[in-house]
Amino acid sequence: MTKPTTLILLGGSGDLSARLLMPALGQLLTERSDRRVTLIGVGSEKMSDEQWKDRVRQSFQTTESTGKSVDSLVKETMYVAADVTDPDALSELLGRSSGAPAIYFALPPQVTEKACVALESVEIPPGTVLAMEKPFGLDAESARQLNEQLLRLVPEDQIHRVDHFLGRSTVLNLLGLRFANRVFEPLWNRDHIDSVAVVYDEQLGLEGRAGYYDHAGALVDMIQSHLLQVLSIFAMEAPYSTDAADLRAAKSAVLRATRVRDNDPLASSRRARYTEGTVAGRHFPSYADEPDVDPERGTETLAQVTFEIDNWRWAGVPFTLRSGKAIGERRREILVRFKPAPHIPVGLTGSSEPDVLRISLGPDEMSLAMNVNGPGDPWELDRTELTATFGEGQLKAYGEVLESMLDGDPSLSVRGDAAEQMWRIVDPIIEAWRADEVSLDEYETGSNGPASWPTI
Ligand SMILES: NC(=O)C1=CN([C@@H]2O[C@H](COP(=O)(O)OP(=O)(O)OC[C@H]3O[C@@H](n4cnc5c(N)ncnc54)[C@H](OP(=O)(O)O)[C@@H]3O)[C@@H](O)[C@H]2O)C=CC1
Ligand SMILES: O=C1O[C@H](COP(=O)(O)O)[C@@H](O)[C@H](O)[C@H]1O
């Protein structure tokens with residue numbers, strides 16, 4: 001039996017908790033029947049324990065969660081209506097947990113900030129884990145200040161800056177693919193790789209999240225956080241182990257060396273927002289006409305930035321990161337374009353395209369497009385694809401992240417210095433965009449982005 005843990009879910013009545021965290025927790029407890037978690041939900045709205053239990057059950061149903069651990073959680077869970085920015089309320093909450101709890105901040109960022117200030121005057125049990133949702137700060141300086149503040153509460157290894165992409169089986173598979181095979185790693189450098197792209201294009205729109213998204217935009221929502229984390233795993237040196245210390249040091253080294261290509265945000269970044277149209281059977285108004293959006297803010301719903309990594313392995317290789325909403329073709333992948341073969345023997349005709357490796361970020365599969373002597377004329381090269389499908393991960397991405405957090409293992413969370421670096425990397429772009437130095441283009445909902453943009 002795993003040690004029982006108390007999970008204090010600040011913002012338990014919110015959207016993230018209902019749609020992502022609790023379903024993932026239910027799935028985790030279904031898979032790990034020997035794990036016991038006591039859940040305390042917290043929100044400002046009043047709710048009876050029975051109403052809360054109904055919400056928990058509803059979230060659990062979405063992942064068909066069942067079993068002893070699930071039943072025990074539902075039986076014991078409680079809800080507390082409290083203002084989490086009040087030190088007395090927080091003190092009382094901590095008093096309800098036996099042993100060191102995990103406190104999850106599923107709160108609006110401004111409330112999280114105030115709750116952390118309040119925690120400074122509260123006695124926190126040794127071993128308490130703090131889980132912070134994104135966005136972590138608003139820029140490099142505010143992230144640094146937030147780090148300082150958190151370190152006054154608990155040591156770094158007890159701070160989990162959550163990035164659910166780190167729990168995706170497809171992202172974790174990068175480690176196995178690169179470091180458990182002989183064929184890829186020797187080619188994983190500037191001598192053999194021409195360019196890399198990480199693309200996360202969604203058919204989803206705003207989904208009622210204007211309050212958050214209209215301030216974040218695609219750059220902060222996806223590139224500053226998730227996609228830079230993916231890039232750091234893709235490009236890192238081989239770690240000794242997957243322990244937090246090794247993994248996070250290797251990722252941080254990459255991020256420290258990463259910058260906007262040629263230090264030129266004007267030439268290296270593009271932004272756009274969607275106009276009215278239909279995607280996957282859903283009709284969206286223009287982003288500017290979406291409820292609660294301020295069109296004057298000029299928020300982008302599609303961002304594309306090219307970075308470079310200034311080290312021996314990667315100098316000169318462009319890394320393009322792109323993510324957009326309301327895009328016609330759902331694309332979630334890493335695209336690795338290799339350099340062309342140095343010499344194709346005279347006499348071979350046909351395809352001489354360079355090899356392209358696609359690592360899907362969902363579904364779990366990959367493919368390698370290459371040239372082979374195909375059917376028919378044996379001197380003629382044809383294009384073919386080697387494909388592999390892996391099974392789905394046992395847990396949802398949030399489940400993986402929650403599990404490592406409940407175990408007090410920070411290997412799947414973002415280290416403090418990395419959180420600051422990720423802002424340092426994108427801050428010049430944010431500045432250029434705020435100053436309107438890069439045009440805000442438009443694309444029709446359901447298209448694949450502005451027609452004038454080069455294809456990735
Ligand atoms: N929703 C999503 O898909 C994602 C969200 N996130 C991040 O998660 C965090 C939460 O987002 P989300 O769930 O969407 O936000 P919501 O607005 O849906 O929920 C906010 C929660 O915070 C509670 N709350 C606010 N102020 C207080 C207070 N003073 N005291 C106690 N509780 C308070 C609310 O309680 P009540 O409702 O009772 O007032 C509610 O439970 C944000 O940082 C967001 O960026 C990250 C990834 C995805
Ligand atoms: O964090 C976020 O991620 C989702 C995309 O991740 P997925 O696992 O749900 O595909 C994105 O839609 C959302 O805008 C962003 O906040």
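Helix α1 makes the largest contribution to the shell around ligand 1, supplying 4 residues, and this is a convenient place to begin reading what is a predicted model. Helix α1 spans residues 15–31, and together with α5, at residues 109–119, it belongs to the helices that each supply at least two residues of that shell. In total, 24 residues surround ligand 1, and the closest of them are Ser13, Leu16, Arg19, Ser44 and Glu45. When the shell is sorted by class, it contains 12 nonpolar, 5 polar and 7 charged residues.

Several backbone atoms approach the polar atoms of this ligand. A backbone N or O atom of Leu16, a residue already named among the closest, lies 2.8 Å from an oxygen atom of ligand 1. A polar backbone atom of Gly11 is 3.4 Å from an oxygen atom of the ligand, while for Ala82 the partner is a nitrogen atom of ligand 1, which lies 3.3 Å from a backbone N or O atom of that residue. Taken alone, ligand 1 exposes 900 Å², and the protein buries 79% of that area.

The second ligand can be read in a similar way. The residues around ligand 2 are Lys134, His164, Phe165, Arg168, Tyr200, Glu202, Arg209, Asp221, Met222, His226, Lys325 and Arg332, and by class they divide into 3 nonpolar, 2 polar and 7 charged residues. Here helix α8 gives the most to the shell, with 3 residues.

For ligand 2, the contacts to describe involve side chains. A polar side-chain atom of Asp221 lies 2.6 Å from an oxygen atom of ligand 2, a polar side-chain atom of Lys325 lies 2.7 Å from an oxygen atom of the ligand, and for Arg168 the corresponding distance, again from a polar side-chain atom to an oxygen atom, is 3.0 Å. Ligand 2 exposes 390 Å² when taken alone, of which the protein buries 79%.

Helix α8, which contributes to the shell around ligand 2, also packs against another helix. The axes of α8, residues 210–235, and of α12, residues 416–434, come within 10 Å of each other and cross at roughly 145 degrees, and the crossing is right-handed. On the side of α8 the contact is made by Leu219, Val220, Gln224, Ser225, Leu228 and Gln229, and on the side of α12 by Ala419, Met422, Trp423, Ile425, Val426, Ile429, Ile430 and Trp433. By class, this contact has 11 nonpolar and 3 polar residues, with no charged residues, whereas the shell around ligand 2 includes 7 charged residues.

A few points of backbone geometry complete the tour. Lys134, one of the residues around ligand 2, is joined to Pro135 by a cis peptide bond, with omega about 0 degrees, and Pro135 is found in the loop between β5, at residues 129–132, and α6, at residues 140–151. Another cis peptide bond runs from Gly362 to Pro363, where omega is near 0 degrees, and Pro363 lies in the loop between β16, at residues 356–360, and β17, at residues 365–373. Finally, Glu64 has a phi near 50 degrees, a positive value in a residue other than glycine, and its place is in the loop between α2, at residues 49–61, and α3, at residues 68–76.

Terms used
Residues numbered from 1 in each chain as written. Chains lettered and ligands numbered in written order. Predicted model: local features only at pLDDT ≥ 70, side-chain atom pairs only at ≥ 80, totals over all residues. Heavy atoms only, no water. Near = heavy atom within 4 Å. Polar contact = N/O pair within 3.5 Å; in protein donor to acceptor, adjacent residues only side chain to side chain. Areas by Shrake-Rupley, 256 points an atom, 1.4 Å probe, with all protein chains shown as cover. Nonpolar A, V, L, I, M, F, W, Y, C, P; charged D, E, K, R; others polar. Axes fitted to C-alpha atoms, helices over the stretch in contact; angles between N-to-C directions. Left-handed = near helix turned anticlockwise from the far one by under 90°. Contact = heavy atoms within 4.5 Å.
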